[in-house]
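Morning, everyone. Please have a look at this one with me.

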Amino acid sequence: MMDLFSSEKTVYNLPQAEVIHIPEFYSFDQASYIFNQLLKQTPWQQDNITLFGKTYRQPRLTALYAKDTSYSYSGITMNSHVFSPLLLKTKEEVEQITGCIFNSVLLNLYRDGNDSNGWHADNEKELGNNPTIASVSFGATRLFKFKHRTLKNESYKLELNHGSLLIMKGSMQEHWLHQIPKTKKDVSERINLTFRFIA
């Protein structure tokens with residue numbers, strides 16, 4: 001695992017946000033081990049999501065791990081599973097780098113290029129003001145896009161690869177939106193873990 005202060009990280013000091021990207025937080029072998037374990041062991045679920053009065057099957061599978069809590073977003077309430085030893089270890093490694101304490105992790109499984117996550121912010125009230133969100137990616141590389149809500153020239157994209165860590169800090173969730181868009185490329189499965197503190 002890489003030191004946050006090594007040269008292999010990129011810090012984006014953006015208007016009203018800070019984004020830190022560490023492409024090789026886990027080695028290829030470490031990332032592959034975690035990916036395979038999570039793919040097999042996770043009780044994946046697919047919820048219905050309601051947008052603008054229409055209900056759809058959510059275009060990805062999810063699972064929530066936390067200590068005695070639930071998490072609600074886009075009309076979905078997820079009840080939590082107990083942290084596995086592997087997820088606890090991963091959480092501790094992410095906490096060491098971020099200097100934050102997390103009590104929950106939302107797992108997303110993108111099965112192929114048709115699975116996606118539309119423009120949104122992680123701004124649910126349970127996350128408090130200016131939450132730090134840490135996202136670890138395993139499996140296929142997917143594009144991560146983020147844009148400022150009002151500053152039209154502030155729009156970026158990053159490739160989130162196998163074993164990478166992305167940290168979103170400051171008032172990013174208040175002022176920015178992000179997404180994982182669909183892709184026509186032939187991509188295999190991707191799992192991402194988003195660590196948060198739920199009040």
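I'll cover confidence, then a sheet, then a pocket.

This is a predicted model, so to speak of local features we need pLDDT of at least 70, side-chain atom pairs count only at pLDDT 80 or more, and totals for chains, interfaces and linings use all residues. Residues are numbered from 1 along each chain as its sequence is written.

Confidence is pLDDT, the predictor's own score for each residue, from 0 to 100. The protein chain has a mean of 90, and 92% of its residues reach 70 or more. Among its elements, strand 10 (residues 133–139) has the highest mean, 98. Strand 6 (residues 70–73) has the lowest, 62. Strands here are DSSP runs of E, at least two residues, numbered from the N terminus. Over residues 1–7, pLDDT stays under 50. Where pLDDT is low, the predicted coordinates should not be read in detail.

Now the sheet. It is open, with 4 strands in the order 9-14-11-12, and the pairing is antiparallel. Strand 9 (117–120) and strand 12 (155–160) are the edges, each pairing on one side only. Two strands pair if DSSP finds at least two bridges between them. Strands 9 and 14 (residues 176–180) are joined by 2 bridges. Asn117 has Ile180 of strand 14 as its bridge partner.

Which residues lie closest to the centre of the largest pocket? They are Arg60, Asn117, Gly118, Trp119 and His120, out of 36 lining residues. A pocket, on a 1 Å grid over the protein atoms alone, is an open set of points where a 1.4 Å probe fits, with protein on both sides within 12 Å along at least five of seven lines; lining residues have an atom within 4 Å of a point.

Methods:
Heavy atoms only, no water. Contact = heavy atoms within 4.5 Å.
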